[in-house]
Amino acid sequence: MRTPARPPLDGLKKRLDRSRAERERMPRDGFLRETFVLPRSDARLKAQEWFERFPKQAYWTEIESWFERPGDVIEFTIRRLPAAD
């Protein structure tokens with residue numbers, strides 16, 4: 001009885017390489033980041049929610065970047081520290 005041949009690992013290798021490249025681009029500064037793409041009014045509410053839940057004084061919460069997209073849509077990245085110490 002023969003053992004089956006190993007499956008090709010090209011797809012897995014490509015995904016690992018892509019994942020490692022993305023991690024290298026991400027800064028290692030301890031901040032947690034989340035990106036949202038929302039209509040303007042929802043984006044404003046989401047930002048207010050984050051600042052209420054994670055106050056700027058304790059978590060250093062801030063809008064890191066934002067862009068206006070077509071159709072009155074806002075894409076923004078908000079960052080904060082993982083804990084208030």
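Let's start with an opening in the protein: the largest pocket has a volume of about 150 Å³. Keep in mind as we go that this is a predicted model. How can a pocket be found at all? Rolling a probe the size of a water molecule over the atoms shows where empty space is left.

Which residues line this pocket? Look for Arg40, Ala43, Arg44, Ala47, Ile63, Trp66, Ile74 and Phe76. Sorted by class, the lining has six nonpolar residues and two charged ones, with no polar residues. Helix H2 and strands E2 and E3 each supply at least two residues of this lining. The largest share, four residues, comes from H2, and that makes this helix a good place to go next.

Helix H2 covers residues 40-53, which is 14 residues in total. From its first C-alpha to its last it reaches 20 Å, close to the 20 Å expected at 1.5 Å a residue. Now turn the model and see which residues of H2 are hidden. Ala43, Ala47 and Trp50 are buried. Seen down the axis of H2, the buried residues fall within an arc of 60°, so they line one face of the helix. What do these buried residues pack against? Their partners are three strands: E1 (32-39), E2 (62-69) and E3 (73-80). On the other side of H2, you will find Leu45, Glu52 and Arg53, which are exposed.

Let's zoom in on one residue of this helix, Ala47, which also appears in the pocket lining. Is Ala47 buried or exposed? Its relative accessible area is 15%, and buried means under 20%, so Ala47 counts as buried. Leaving aside residues up to four places away in sequence, Ala47 touches Ile63 and Phe76. Both of these contacts are pocket-lining residues too. Along the chain, Ala47 and Ile63 are 16 residues apart, while their C-alpha atoms are separated by 8.0 Å.

For a contrast, travel back to Pro4, in the segment before helix H1 (10-25). Pro4 is exposed, with a relative accessible area of 76%. How far apart are Pro4 and Ala47 in space? From C-alpha to C-alpha the distance is 54 Å, and in sequence the two are 43 residues apart.

Finally, let's visit two loops, where the backbone angle phi deserves a look. In the loop between helix H3 (56-59) and E2 sits Trp60. The phi of Trp60 is near 55°, a positive value in a residue other than glycine. With 55% relative accessibility, Trp60 counts as exposed. The other loop runs between E2 and E3, and Asp72 is found there. Asp72 is also a residue other than glycine with a positive phi, near 60°. Its relative accessibility is 44%, so Asp72 counts as partly exposed.

With these stops in mind, go back to the pocket and find H2, E2 and E3 around it once more, since each supplies at least two residues of the lining.

Definitions and conventions. Residues are numbered from 1 along each chain as its sequence is written. This is a predicted model: local features need pLDDT of at least 70, side-chain atom pairs count only at pLDDT 80 or more; totals for chains, interfaces and linings use all residues. Side-chain values use heavy atoms; hydrogens and water are left out. The expected span of a helix is 1.5 Å times one less than its number of residues. Buried means under 20% relative accessible area, exposed over 50%, partly exposed in between (1.4 Å probe, protein chains only). The arc is that of the directions from the helix axis to the C-beta atoms. Contact means heavy atoms within 4.5 Å. On a 1 Å grid over the protein atoms alone, a cavity is a set of points where a 1.4 Å probe fits but cannot get out, and a pocket is an open set with protein on both sides within 12 Å along at least five of seven lines; lining residues have an atom within 4 Å of a point. Grid points are joined across faces, edges and corners, and a volume is the space filled by probe spheres set on the points. Ala, Val, Leu, Ile, Met, Phe, Trp, Tyr, Cys and Pro count as nonpolar, Asp, Glu, Lys and Arg as charged, and the others, Gly among them, as polar.
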